[in-house]
Amino acid sequence: MVALTLGSPAQTRRFARVLARLLRSPALVTIEGDLGTGKTTLVREILRACGVRGVVTSPSFTVAQSYRGRQGEALHHLDLYRLSRGADVDFFAWDDYLGEDALTFVEWPAAGSEALPAADVRLELLHRTTRSRGARLHAAAAFERAVAEGAAAEGIRMDEPVAGVPAPAAWRSPT
Ligand SMILES: Nc1ncnc2c1ncn2[C@@H]1O[C@H](COP(=O)(O)OP(=O)(O)OP(=O)(O)O)[C@@H](O)[C@H]1O
Ligand SMILES: [Mg+2]
């Protein structure tokens, strides 16, 4: 697990760029967190960093939005908040959003837990202050390490040390 503090929307953008650089399709990324914690903001910034131009709207009403990245890769953004378990889940075209070349982001993944494969990257966002959010990332050890290194290089504060990743001097605790 990597635990970080995204101290401002600008830091969330930098964190998004780190993730965009490391994510390779096919991958499923779920984003959990209370209302307004920044799930859509984070995905929007990742999509932009992947080359999506124009408006990236929240798919909270449409459930899913699809884009193409810089190399033509399929990028899908789902929000399952309004999907109810049962018929909605059974009839939803999951396969359209989980292709071999697809990078898929899912906000509020709980409703789809029986239909979705295990996530490659699981993110949780937490409210801290009006401008600050906590982020927790669960992924394979090598990916977590790379995210921690990338975040440290961007000056993003790690809440817990990650083995082998030195803290940036700016926030290393005094000894
Ligand atoms: N550090 C931060 N990172 C991300 N968003 C932030 C931050 N600080 C403030 N915000 C603000 O918090 C809001 C997050 O809204 P957003 O729609 O992204 O949340 P959400 O988690 O997708 O909500 P919902 O559950 O309704 O889908 C935005 O208005 C954003 O500007
Ligand atoms: Mg949202």
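The following dialogue reads a predicted model, from its sheet to the surroundings of its ligand.

Trainee: How should the sheet be read, and what is the order of its strands?

Mentor: One first follows the strand order and the pairing. In this predicted model, eight strands form an open sheet with mixed pairing, in the order β3-β4-β5-β2-β6-β7-β1-β8. The edges are taken by β3 (64-68) and β8 (157-158); each has a single partner strand, so one side of each lacks a neighbour in the sheet.

Trainee: How many bridges join β6 to β7?

Mentor: Strands β6 (residues 121-127) and β7 (residues 133-138) run antiparallel and are joined by six bridges. Within this pair, leucine 126 has glycine 134 of β7 as its bridge partner.

Trainee: Which strands does helix α1 lie across?

Mentor: Helix α1 (residues 9-22) lies across β1 (2-6) and β7, and its direction is at about 140° to β1. Helix α4 (residues 141-153) also packs on the sheet, where it touches β1, β6, β7 and β8; the angle between α4 and β1 is about 25°.

Trainee: Which residues have the most contacts inside the largest nonpolar core?

Mentor: They are Phe15 and Ile31, in a core of 36 residues. Neighbours within four places in sequence aside, Phe15 is in contact with Leu4, Leu6, Ala135, Ala151 and Ile156.

Trainee: What residues surround ligand 1, and which come nearest?

Mentor: There are 18 residues around ligand 1, with Thr12, Gly38, Lys39, Thr40 and Thr41 coming nearest. By character, the shell has three nonpolar, eleven polar and four charged residues. Helices α1 and α2 (39-49) each supply at least two of its residues, and α2 gives the most, with three.

Key
Residues are numbered from 1 along each chain as its sequence is written. Chains are lettered from A and ligands numbered from 1 in the order in which they are written. This is a predicted model: local features need pLDDT of at least 70, side-chain atom pairs count only at pLDDT 80 or more; totals for chains, interfaces and linings use all residues. A nonpolar core is a set of buried Ala, Val, Leu, Ile, Met, Phe, Trp, Tyr and Cys residues joined through C-beta atoms within 7 Å. A residue is buried if 20 or more other C-beta atoms lie within 10 Å of its own, exposed if 12 or fewer, and partly exposed in between; C-beta atoms are placed from the backbone. Two residues are in contact if their C-beta atoms, placed from the backbone, lie within 7 Å. Two strands pair if DSSP finds at least two bridges between them. Helices (H or I, at least four residues) and strands (E, at least two) are DSSP runs, numbered from the N terminus. Axes are lines fitted to C-alpha atoms, for helices over the stretch in contact, and angles run from 0 to 180 degrees between N-to-C directions. A residue is near a molecule or strand if its C-beta atom, placed from the backbone, lies within 6 Å of it. Ala, Val, Leu, Ile, Met, Phe, Trp, Tyr, Cys and Pro count as nonpolar, Asp, Glu, Lys and Arg as charged, and the others, Gly among them, as polar.
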